[in-house]
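Me: I am new to this structure and would be grateful for a close look at a single part of it. Please explain the terms you need, and then set that part beside comparable places elsewhere in the chain.

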Amino acid sequence: MSRLLAVALPAVLLAGCAQTNLNASGSEYIEAPPILSISGSEATEDSEARVLFSLLAAELAAQSGDYEQASTYYLAAARLSSDVQVAERATRLALFARNHPRALAAAERWLELSPGSIEAMQIAAVLMTTTGRDDEAAELLETIVDAVGTDEGYRVVVSLLAQSEDRATALRAVERLVDANPDEAAGWQAHAELALRFEQLERAREIAWTGVERFPDAVHLRMTLARVLTEMEDDDAALATLSAAVDVHPDRRDVRLAYARALVDVEDFERVRPELDRLLDMDPEDADLLLTTALLSLEAGRFELAREYLEHLLASGRRTSDAHYYLGRLHEQAEDLEAARRSYRAVDAGEHVDDARLRVARLTAELEGHAAARPILEDLQQDPDEGIALRAYLVEANVLRDSGEFDAALERLARGLVEFPGSEQLLYLRGLVHERAGNIPAAEADFRAILEMDPENVSALNALGYTLADRTERYEEAYDLITRAYEQRPDDAAIIDSYGWVLYRMGRLDEALAKLERAYDLMQDSEIASNLAVVLWEVGRRDESRAIIEEALERDPGHERLRRVSRELGD
């Protein structure tokens, strides 16, 4: 059969088939066509000749782009041939043609020829769920679990069935598998996790809870239950579940870490520190654990505690680049820019190297001026990694914009757009620079260029809408743009601020005030503060307006718009 395979579909096509998503919709199954005569009846009687004809016909159909017909001929070859590779390729080509029934027929032939093939079982099981054959799918899944091992096998099951279009059938298949093996905690966990993936939260909770009652020591099942409860926004129950898991398994680091993470997520910082300390008591020299606890502390806003852990990590001599990077972030948060730059310069390995280099460039510009940072930025802009080069242009233009050097910022952005034509990030930043420089037509042109490429780009919709509301009298147009952004991100403080500002410009003061107060509650930003102060002043709440301005100026004394609003309201 080797000479038959020599005329099989090109490797590049078959490689593409191997990556086909099983979630694609299939067309109606078409039976393989009759094998036509090659050079007479004797040739058609020869099995090898008939297979060769089918493969040649498949090749010709594929070359013409008719993958439906190609997969039909390939299935005919698979049925005639005893070569497992033909059946495998027939399966993959049918998947590529998005014909699930034909792919299943080919996969079943593959299994006939190679009964122990795990891959064939996996493909067939998923395809069976798409065609409602949950009982047969459950049998194959059980064989996979037995072959792979219980815990890993059930993980494979969840990963496979998450691809199924027919969620009800997929869940029934796992339910039958669990019913056949009720004493395996991993099965209950797999069933709950699949229901969670399918967003059937009540069902997932019921399955996980029943499993925990049956297997009180099954730690991962408890953690799955906690995830379900978190998705259901029942934080108290999720915490209670994880706390119980810690009680059952006090020496399990993964359990205690999950509990600490959950405490951070609900901002229960009083209980976080003892959990972090207990984690470190388990192994005070574990570098990964030290870093994890430091990051959890950072997320919890416990900066001194995070610094303590990071310095301990640094002293250990392990994961030093990570320690330097996050110490740099802490120094930046504390506005100690020179210390931050020293820390970033010490990052010489790992995933944060590139970001550290960019931060060094930005801090150098802030500390010593743009000219001092230019050599660093030019080096970054020539980096072979296009992502780094693009970010370097953005960093430089932002530095120049913040320092009021608008012409220089525009020159660097123009250069960046030569290197990265059509970059939405560069166009967006150039629009912001034009707006700051007072060139509203140019700003509008850049934002509209983004919207031509991506009509629902939230950032461009919001920026253009806010610019029109703030710098022109085209309020209705601005309102429509901002509304489109708001519909996509109703909880985004910056967009709510824009919404409030355009309402103010349209004279709808009560609505404007409600939006701006909500935006300021979400984010104490200087721009939002200035807009809120204006509207508070307009509705007669002038003491509150002054208080907002004073509070914001204490945080950000150099903010141009705040200072302008303060002067105008004072006058």
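Reply: Helices are DSSP runs of H or I with at least four residues, and they are numbered from the N terminus. The model is predicted.

With those names in hand, the part chosen here is the loop between α12 and α13, where E199 is found. The phi of E199 is near 60 degrees, a positive value in a residue other than glycine. Most residues other than glycine have a negative phi. E199 counts as exposed because its relative accessibility is 67% and the cut-off for that class is over 50%.

The helix before this loop, α12, spans residues 185-197, and α13 spans residues 201-214. Both are among the helices that cover the buried residues of α11, and α8, α9 and α10 also belong to that cover. Helix α11 itself runs over residues 167-180. Its 14 residues reach 20 Å from the first C-alpha to the last, close to the 20 Å expected at 1.5 Å a residue. The residues of α11 that are buried are T169, A170, L171, A173, V174, L177 and V178.

Three of these names return in the surroundings of L194. Apart from its neighbours within four places in sequence, L194 is in contact with A170, L171 and V174, as well as with V158, L161 and A162. L194 also belongs to the largest nonpolar core, which has 70 residues. L194 is listed there among the residues with the most contacts inside the core, together with Y74, L140, L141, V157 and L161. The largest share of this core, eight residues, comes from α8. In soluble globular proteins, nonpolar side chains tend to be buried together. A second, separate core has 61 residues, including L390, A443, Y466 and A552.

Helix α8, residues 118-130, can be followed one step further, to α6, residues 84-96. The axes of the two helices come within 12 Å and cross at roughly 35 degrees, and the crossing is left-handed. On the side of α6 the contact is made by E88, T91, R92 and L95, and on the side of α8 by E119, I123 and L127. These residues divide into three nonpolar, one polar and three charged.

A positive phi is also found elsewhere. E335 lies in the loop between α20 and α21, and its phi is near 65 degrees. At 67% relative accessibility, E335 counts as exposed. A further example is E267, just after α16, with a positive phi of about 60 degrees.

Helix α16 covers residues 253-265, and its 13 residues should span 18 Å at 1.5 Å a residue; the end C-alpha atoms are 18 Å apart, which agrees. Buried within α16 are V255, R256, Y259, A260, A262, L263 and V264. What covers them includes α14, α15, α17 and α18.

For a contrast with the exposed loop residue, consider S498 in helix α30, residues 493-505. S498 is buried, because its relative accessible area is 3%, where the limit is under 20%. Leaving aside neighbours within four places in sequence, S498 is in contact with N462, Y466 and I482. Y466 is also one of the residues of the second core.

Terms used. Residues are numbered from 1 along each chain as its sequence is written. This is a predicted model: local features need pLDDT of at least 70, side-chain atom pairs count only at pLDDT 80 or more; totals for chains, interfaces and linings use all residues. Side-chain values use heavy atoms; hydrogens and water are left out. Axes are lines fitted to C-alpha atoms, for helices over the stretch in contact, and angles run from 0 to 180 degrees between N-to-C directions. A crossing is left-handed if the near helix is turned anticlockwise from the far one by less than a right angle, and right-handed if clockwise. Contact means heavy atoms within 4.5 Å. Ala, Val, Leu, Ile, Met, Phe, Trp, Tyr, Cys and Pro count as nonpolar, Asp, Glu, Lys and Arg as charged, and the others, Gly among them, as polar. A nonpolar core is a set of buried Ala, Val, Leu, Ile, Met, Phe, Trp, Tyr and Cys residues joined through side-chain atoms within 4.5 Å. Buried means under 20% relative accessible area, exposed over 50%, partly exposed in between (1.4 Å probe, protein chains only). The expected span of a helix is 1.5 Å times one less than its number of residues.
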